[in-house]
Number of protein chains: 2
Amino acid sequence: MPSELTPALRAQIENTIRGLTIDAVEAAGIGHLGAPMGLARPVFHLWDKHLRFDPTEPAWALRDRFVLSAGHASMLLYSLLHLFGYGLPLDEIKRFRQLHSKTPGHPERGETPGVETTTGPLGQGFGNAVGMALAAKTTQARFGSKGEGPGRHRIYVVASDGDLMEGVSYESSSLAGHLKLDNLVVLYDDNQVTIDGPTSWTFSEDVPARFRAQGWQVESIDGEDVAALDRALAAAHGAGKPALIAMRTTIGHGSPWAGQPKVHGGPFGPEALRATKQKLGIPESPTFLVPDAVRAYCEGRASAKRAERKALDARLEAWRSSHEGAARSWDAVRSRALPADFAGKLVDGLEGKADATRKHSGTALARIAALAPGLLIGGSADLAGSNNTTVSGSGAIGQGDEPFTGGTVHFGVREHAMAAITNGIALDGTFLPYAGTFLVFSDYMRPSLRLAALMRARSTWVFTHDSIFVGEDGPTHQPIEQLDALRAIPGLTVIRPADGVEAALAWAWVVTEARGPVALALTRQTLPALKRDAPLTLETLSRGAYSVREPAGEPDVALLASGSEVSLACEAAALLSSDGIAARVISAPSLELFAAQPAAYRDELLPTSVPVVAVEAGRGESWRGLVGREGLVYGIERFGASAPYQKLAEHFGFTPDALAKRVRAHLRG
Amino acid sequence: MPSELTPALRAQIENTIRGLTIDAVEAAGIGHLGAPMGLARPVFHLWDKHLRFDPTEPAWALRDRFVLSAGHASMLLYSLLHLFGYGLPLDEIKRFRQLHSKTPGHPERGETPGVETTTGPLGQGFGNAVGMALAAKTTQARFGSKGEGPGRHRIYVVASDGDLMEGVSYESSSLAGHLKLDNLVVLYDDNQVTIDGPTSWTFSEDVPARFRAQGWQVESIDGEDVAALDRALAAAHGAGKPALIAMRTTIGHGSPWAGQPKVHGGPFGPEALRATKQKLGIPESPTFLVPDAVRAYCEGRASAKRAERKALDARLEAWRSSHEGAARSWDAVRSRALPADFAGKLVDGLEGKADATRKHSGTALARIAALAPGLLIGGSADLAGSNNTTVSGSGAIGQGDEPFTGGTVHFGVREHAMAAITNGIALDGTFLPYAGTFLVFSDYMRPSLRLAALMRARSTWVFTHDSIFVGEDGPTHQPIEQLDALRAIPGLTVIRPADGVEAALAWAWVVTEARGPVALALTRQTLPALKRDAPLTLETLSRGAYSVREPAGEPDVALLASGSEVSLACEAAALLSSDGIAARVISAPSLELFAAQPAAYRDELLPTSVPVVAVEAGRGESWRGLVGREGLVYGIERFGASAPYQKLAEHFGFTPDALAKRVRAHLRG
């Protein structure tokens with residue numbers, strides 16, 4: 001039985017967290033002290049009394065999620081993970097911010113057990129949490145709506161002033177309020193200090209009024225008053241909408257410089273460290289001290305939480321017995337169960353079919369939804385009709401009597417939140433989420449795209465209108481540099497299919513092979529179906545590049561392209577052929593997949609003896625490595641223009657004639 | 001004397017705007033109808049009765065600014081520009097969305113007289129307008145505070161639901177409210193419809209309450225009620241804070257399908273067009289009809305506005321006479337007047353001085369502020385101390401009794417708004433604005449970075465902490481792909497200086513040579529001063545790349561690098577030299593500037609006969625074109641790690657030994 005939490009013991013635990021924090025930052029020589037010190041009381045109390053978790057099973061599906069959106073307060077999280085017995089020994093705390101430690105400067109999912117999402121770039125965790133809340137509500141509605149099924153857990157967030165200043169948090173909270181995500185609770189660390197100075201320098205909005213305007217339940221409390229926190233949480237849990245608890249805290253609580261901007265970061269240095277420890281009543285040494293009473297209490301609580309987990313698991317088992325169909329569906333989705341010949345079923349009938357690849361993508365989505373019921377969830381940032389992201393009949397989330405049974409999310413004109421929320425859904429682990437907008441607006445999403453890649457979150461980005469062939473909307477809507485910019489993100493796989501078969505196989509790859517985020521680049525305009533000697537297989541697509549047109553003899557030139565430029569290259573190759581120039585045409589839907597192939601495959605497809613011309617209706621810088629100094633990237637080095645896309649094809653030289661002419665000139669040297 | 005605006009004439013003018021809109025969209029075959037039709041009344045009224053402008057002098061400094069943040073409503077703006085006699089003949093309206101017309105799909109600054117900023121990507125115009133308002137307040141405070149000096153104009157914005165859903169608008173409005181920008185008025189087109197459907201699907205926040213929470217004056221009116229609009233504007237102008245006027249409008253007003261999502265975009269097609277024209281009381285033909293009475297009225301108003309301008313100019317002349325010093329300062333800033341040997345003064349004393357390039361950048365800023373008083377305005381998104389963006393003694397905008405006399409903007413943790421606002425300041429044309437954050441967070445700013453490039457706005461981005469050598473903050477804070485992603489943006493010049501002299505000359509280039517936006521990539525860590533045979537000149541830096549270390553004989557290899565990797569390459573070259581390998585070391589601070597050099601210069605520096613190794617502590621894809629298929633990019637293809645930067649240098653192989661070893665292996669083949 002755990003020891004009783006007397007006021008003295010509570011203070012000792014909080015000061016242990018503060019002590020670990022300042023010792024760790026002192027040892028590292030750099031790090032954030034202020035927020036962990038100011039948050040020790042309310043966040044420890046949340047974990048102790050409210051948060052549902054089992055440190056021995058960090059992936060337990062029914063756990064509450066704790067998201068430290070203020071990722072710079074990492075030592076708060078690491079301290080709690082250590083004290084409650086997650087796999088984070090004290091030695092790791094001592095190696096805070098060191099190479100290969102489990103305690104990096106900002107929390108990284110996958111590096112540390114119990115870290116739900118990678119945070120640090122502000123506002124992102126907030127958006128992830130909205131996605132996790134949406135995933136939980138949807139889990140409950142799809143599978144666990146009757147009896148004690150899954151999806152009843154809560155999502156708790158700790159957010160700083162900085163989080164709330166970032167646009168992505170406004171977008172996310174707007175949608176969360178709209179969808180009435182009542183399983184979401186945000187603890188706002190209202191410490192009135194940012195790095196540069198007091199928040200009064202920059203941030204004077206009425207935060208409670210702002211959140212109320214967005215449909216949130218709001219309570220304002222003193223962060224040191226745990227009874228007030230209990231009351232606020234009780235109010236939150238019954239509110240029927242997301243809740244913000246604005247907690248007035250003191251940055252660097254316990255330090256002689258508490259409340260001042262300079263305690264945001266550290267280290268303190270020996271003298272200030274000594275003064276702070278004295279004020280906190282902790283001995284100067286040993287450092288990294290966890291008193292026995294603290295350890296005993298936390299271990300006791302961890303055991304109790306484990307027992308709670310077992311009770312809940314037993315109830316889940318009972319639910320499984322009484323709701324076998326729902327349980328089977330839940331398991332099928334989580335295990336990514338698919339019918340035999342899944343890829344074949346996606347491709348079926350597309351051979352020879354001309355259409356825009358965004359439409360082929362829409363067809364694939366509809367087929368996946370039918371073949372793997374309940375697996376998908378996704379939508380668009382107000383361009384659903386253009387992105388072909390709506391699965392017909394799947395229902396809109398947030399609408400109707402059962403607002404979370406649908407499969408389509410109307411994200412609104414909120415690309416950034418869409419991406420952060422999609423990552424949160426992916427991290428939940430139940431569903432395979434996707435999100436669509438125009439390729440050019442991937443710019444609005446980049447911070448979240450990067451974090452998806454860093455976390456290997458299985459978010460799929462449906463980027464349509466993937467070139468100047470957007471046409472009349474003009475340069476503001478025409479991507480030029482976006483393909484290169486996406487390909488530059490480590491760990492993001494970009495696939496730009498050239499026709500319906502490639503588009504269907506790209507989706508097959510997403511569902512069956514991807515181990516991280518994927519960006520699909522899809523055309524607005526209709527493309528012809530490629531003519532291939534043999535049907536394209538998933539295995540060949542997975543190689544990233546393959547030959548779609550072989551000349552009779554040895555090639556004089558290799559034309560390398562993706563997406564809409566592959567059929568263009570084929571037409572140019574036909575023109576070249578009549579001049580006696582033998583051109584191999586290579587479709588390269590994914591440079592990342594191609595780069596991962598054995599050198600033998602790459603060299604066979606692109607022998608150094610054959611000049612290479614890469615064709616892309618975009619900047620095309622990412623082809624330079626394949627083309628070489630002597631090769632040619634036939635791309636677009638400036639912004640687009642507003643005109644019908646056929647006119648733009650002429651203007652920018654993306655016609656078979658213009659391409660063939662340029663290739664001829666290039667080969668002449 | 002202009003004819004009287006009877007209710008009938010008013011309706012006729014509004015319907016002329018609607019008629020031009022639907023004819024233009026019909027002719028183009030694609031475009032947005034709904035918003036221009038719904039906004040015709042209030043926006044025409046704004047232009048007619050309130051907006052201060054002279055169509056014959058679109059760049060008149062004292063004009064009010066009109067920002068169509070809802071850029072898809074471009075036909076509204078084009079119609080007004082045409083009717084009021086800007087240089088936009090009817091033939092251009094007829095060529096809406098055609099190649100080389102002055103009427104692209106979305107308004108583009110520089111393409112059409114009277115277009116203040118390029119809009120279309122939602123939320124951007126809102127942020128630009130905040131920047132224009134800030135520039136006006138600062139102009140008034142710095143130069144025109146006494147008498148009838150400049151900077152007293154107003155900034156009017158038309159924003160859609162989509163604009164208000166974008167995070168950048170929340171960030172921008174938060175800062176605008178904080179700074180009490182009382183010269184800013186936003187007309188919110190509350191038409192309750194977005195592309196996908198009714199706003200009730202996605203957007204249920206209480207917009208007036210939201211803006212009040214951010215410190216705005218808010219009025220809600222019926223958009224058809226011009227008397228209410230007059231009252232709301234009067235209230236706005238006296239409010240002492242920015243104002244939102246929420247106008248309930250009807251999308252597609254005048255069409256039989258008014259108020260329905262399907263009138264967002266068009267064309268109508270012949271039948272619906274006929275029905276609409278009938279309902280509006282316009283003849284079916286001729287199309288593009290501007291009735292004589294409409295033309296006469298608008299011409300009359302344009303003349304009256306021109307007369308108003310002359311009166312204001314006369315008062316400005318009087319101000320010039322009575323405030324000669326202020327007028328001289330204003331002119332000096334606007335004409336970019338600089339002392340002789342400006343570049344030399346920036347470089348003075350930096351030869352041989354080791355420091356972080358961010359600190360050298362801070363020194364340059366301080367010198368520019370002293371050499372060109374009043375020219376600069378800028379700041380950081382809450383990382384001022386780290387970005388070295390604060391000019392000592394320049395004062396903070398928004399603080400003290402005279403809140404707009406300072407030079408430093410505390411943007412808060414709002415990178416995206418910072419960028420959009422900076423663009424707005426640049427577009428105002430008075431000041432040279434700059435904005436700082438960590439390089440990795442350039443991701444948060446990309447939509448605005450792109451628009452700066454498209455508009456050739458002279459925004460300068462101060463991106464510090466430009467590699468994994470950020471160190472302990474870890475991969476979330478370490479740029480890998482950002483340099484490549486920035487270099488991919490057409491029209492953006494990226495400069496990554498290698499030491500203090502290069503950093504100072506980079507700033508000299510920004511002030512004296514740049515004709516568009518510039519991104520500076522600067523180190524957190526101290527760099528040694530490069531040893532050069534001759535002092536570096538601005539002319540050489542402007543070439544983008546130059547040799548910093550020549551071997552005695554012909555080079556066996558060229559080491560190509562920028563920023564912190566140049567000194568690393570020099571050290572590696574010294575090691576190689578002791579093995580008998582002669583290495584030329586090239587510092588390439590700007591690939592864009594280098595690419596613009598004559599081929600002769602490029603070939604001399606990088607002869608194809610010499611193998612090239614590019615070194616960059618980042619992805620390095622943008623070097624591939626210079627390195628070739630046989631060359632080597634010595635970069636980082638994965639995310640970074642949390643550790644002291646010296647450890648990361650070892651871990652990622654960015655030490656002289658590791659680099660020399662790899663070069664040796666590469667040359668062996």
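Contact here means heavy atoms within 4.5 Å. The model is predicted. By that contact criterion, helix H19 of chain B, residues 500-512, lies across strands E11 (432-438), E12, E13 and E14 of chain B. The helix runs at about 170° to E14(B).

The strands under H19(B) belong to an open sheet of chain B. Six strands make up this sheet, in the order E10-E9-E11-E12-E14-E13. The pairing is parallel. Its edge strands are E10 (408-410) and E13 (493-495) of chain B, and each of these pairs on one side only. Neighbouring strands are turned by 20° against each other on average, direction ignored. Within the sheet, strand E12 (residues 460-464) of chain B runs parallel to strand E14 (residues 518-521) of chain B. Four bridges join the two. In this pair, B:Trp461 stands opposite B:Ala519 of E14(B).

Chain A holds an open sheet of five strands. The order is E2-E3-E4-E6-E5, again with parallel pairing. Strands E2 (65-68) and E5 (217-222) of chain A stand at the edges. Each has a single partner strand, so one side of each is left without a neighbour in the sheet. From one strand to the next, the twist averages 20°. The partner of E5(A) is strand E6 of chain A, residues 243-248. These two strands pair in the parallel sense over six bridges. A:Glu219 has A:Ile245 in E6(A) as its bridge partner.

A helix also covers part of the chain A sheet. Helix H5 of chain A, residues 124-142, lies across E2, E3 (155-160) and E4 (184-190) of chain A. Its direction is about 165° to E3(A).

Helix H5 of chain B also spans residues 124-142. At 1.5 Å a residue, its 19 residues should span 27 Å. The end C-alpha atoms are 27 Å apart, which agrees. H5(B) is mostly covered, with 16 of its 19 residues buried.

The largest pocket holds about 1200 Å³ of space. It is lined by 45 residues. Closest to its centre are A:Glu621, A:Glu637, B:Leu591, B:Ala595 and B:Arg602. Several elements each supply at least two lining residues. From chain A comes strand E20 (632-634). From chain B come helices H18 (482-487), H22 (591-595), H23 (599-605) and H24 (624-627). H22(B) gives the most to the lining, with five residues.

Note on methods:
Residues numbered from 1 in each chain as written. Chains lettered and ligands numbered in written order. Predicted model: local features only at pLDDT ≥ 70, side-chain atom pairs only at ≥ 80, totals over all residues. Heavy atoms only, no water. Pairing = 2+ DSSP bridges. Axes fitted to C-alpha atoms, helices over the stretch in contact; angles between N-to-C directions. Expected span 1.5 Å × (residues − 1). Buried < 20%, exposed > 50% of the residue type's maximum accessible area, 1.4 Å probe, protein only. 1 Å grid on protein atoms, 1.4 Å probe; cavity = no way out; pocket = protein on both sides within 12 Å on 5 of 7 lines; lining within 4 Å. Points joined across faces, edges and corners; volume = space filled by probe spheres on them.
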